[in-house]
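Colleague: I'm new to this one. Could you show it to me and explain how the labels are earned?

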Amino acid sequence: MNPDLQRLQPYPFERLRSLFQGVQPPTDLKAISLGIGEPRHATPSQVVDALTGAVDGLSRYPATKGQPALRQAIANWAQRRFSLPTGSLDPDEQLLPVSGTREALFAIAQTVVDRSGKPLVGMPNPFYQIYEGAALLAGAEPLFLNCAADTDYLPDPDTISAADWDRCQLLYLCSPGNPSGAVMPPALQHRFIELAQKHDFVIAADECYSELYPPGATPPRGFLQTALETGLSDFRRLLVFHSLSKRSNAPGLRSGFVAGDAELIRAFLLYRTYHGCALPEQTQTASIAAWEDEQHVVDNREAYQQKFDAVLGILEGCLEVRRPVAGFYLWPRTPLDDTEFARRLYAEHHVTVLPGSYLSRQTDVGNPGAGHVRMALVASLDDCVEAARRIKLFCRSL
């Protein structure tokens, strides 16, 4: 067995099952889960039609690099969305379709980390647990950048020593953030890009929540934008990761892309050629339909806005919670220990939320996720409203 497997931490949802073991929630209340960030809005019909209309692709092995038409559709979308000059993102050299961001975020660590020394892989804390697992299985140690209220839930590069930056080989960043929804401002993005050039590490910018922002608001900035504005036209040491899961309500499609530094893309293509993660032809065809349409994304934002408006209106005054800048999570503070809050809410009101301490790690200054819970507003509007009413009743009973 690979000994690094023993270094992996239990996944948050495994810990949640253990927390609820032996608990019998009220059977007269419908179960409502706000625990898992799985989009449940309908997948756009044009994506479904494109998928089912391309089943003849089952008779062919797909290319790891993907169809030229898909790479071009992605490049066109990225240039429109992030105000990049036409031709600034080469679909042949600087872009690679992938099987969703989860697979790609894990695999990039296996591609770029040199385990012969004592490598560090940086990541926000709280974090998407794939970052930590990828670091451990690549033979590296996680380097946590705490994201708490005192940093506006953003990672602070000044908390990391120059010596640790020198050991860092890969830095995961997530903007908009999971779970806080915080969006990194241009100056902070610029700072991390400068650090990557100075200390020779790769930035893996997870931007999978970038399209879930309030209607009419300024779209969250992407790292490719900042890189170009700072003169880094070749995106050196930078990769961005995007997915159709959240943007297009297609988590089962398992489709996304990685873009940036051409040298890193070539190495990643080599890794993935052996790894065997080529997107099926029908998935690629459906992905083209998704990246070429924006109306369904606009409609998606409107649906989430309705939920935030309704839920925050109910929770006002009973929980310390704010509207996120982007994403579909709420990240409220809890009036008691976050695990106790989650267990009692489930036991007394049949509503599932995820303890914040399960999404983060203990550091010298504490666990930045403790005292919070993550609520994913992915259920129907009616279920989100009902869950909020039960949460309000629970908080008043404390």
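Colleague: What makes Met1, Leu5 and Leu8 a nonpolar surface patch?

Modeller: This is a predicted model, to begin with. Met1, Leu5 and Leu8 make a patch of about 360 Å². Patch residues need over 30% relative accessible area, and Met1, in the segment before helix H1, has 94%. The cut-off for exposed is over 50%, so Met1 counts as exposed too.

Colleague: Why is Ala259 called buried?

Modeller: Buried means under 20% relative accessible area, and Ala259 has 0%, so the label fits. Ala259 sits in strand S8, and its C-alpha atom is 6.4 Å from that of Leu96, though they are 163 residues apart along the chain.

Colleague: How do you know that H4 and H5 are roughly parallel?

Modeller: Their packing angle is about 30 degrees. Angles under 35 degrees count as roughly parallel, so H4 and H5 qualify. Their axes are 8 Å apart, and the crossing is right-handed.

Colleague: What makes Asp200 and Arg237 a salt bridge?

Modeller: The N to O distance is 2.9 Å, and the rule asks for within 4 Å, so the pair passes. Asp200 is in the loop between H7 and S6 and Arg237 in the loop between H8 and S7, so the bridge ties together parts 37 residues apart in sequence.

Colleague: And why is Arg237 called partly exposed?

Modeller: Its relative accessibility is 22%, while buried means under 20% and exposed over 50%. Arg237 therefore falls in between. Asp200, at 53%, counts as exposed.

Key: Residues numbered from 1 in each chain as written. Predicted model: local features only at pLDDT ≥ 70, side-chain atom pairs only at ≥ 80, totals over all residues. Heavy atoms only, no water. Patch = residues over 30% accessible without salt bridge, like charges linked within 9 Å, V, L, I, M, F, W, Y side chains within 5 Å. Areas by Shrake-Rupley, 256 points an atom, 1.4 Å probe, with all protein chains shown as cover. Salt bridge = Lys/Arg side-chain N within 4 Å of Asp/Glu carboxyl O. Helix = DSSP H or I, 4+ residues; strand = E, 2+ residues; numbered from the N terminus. Buried < 20%, exposed > 50% of the residue type's maximum accessible area, 1.4 Å probe, protein only. Axes fitted to C-alpha atoms, helices over the stretch in contact; angles between N-to-C directions. Parallel < 35°, antiparallel > 145°, perpendicular 65-115°, else oblique. Left-handed = near helix turned anticlockwise from the far one by under 90°.
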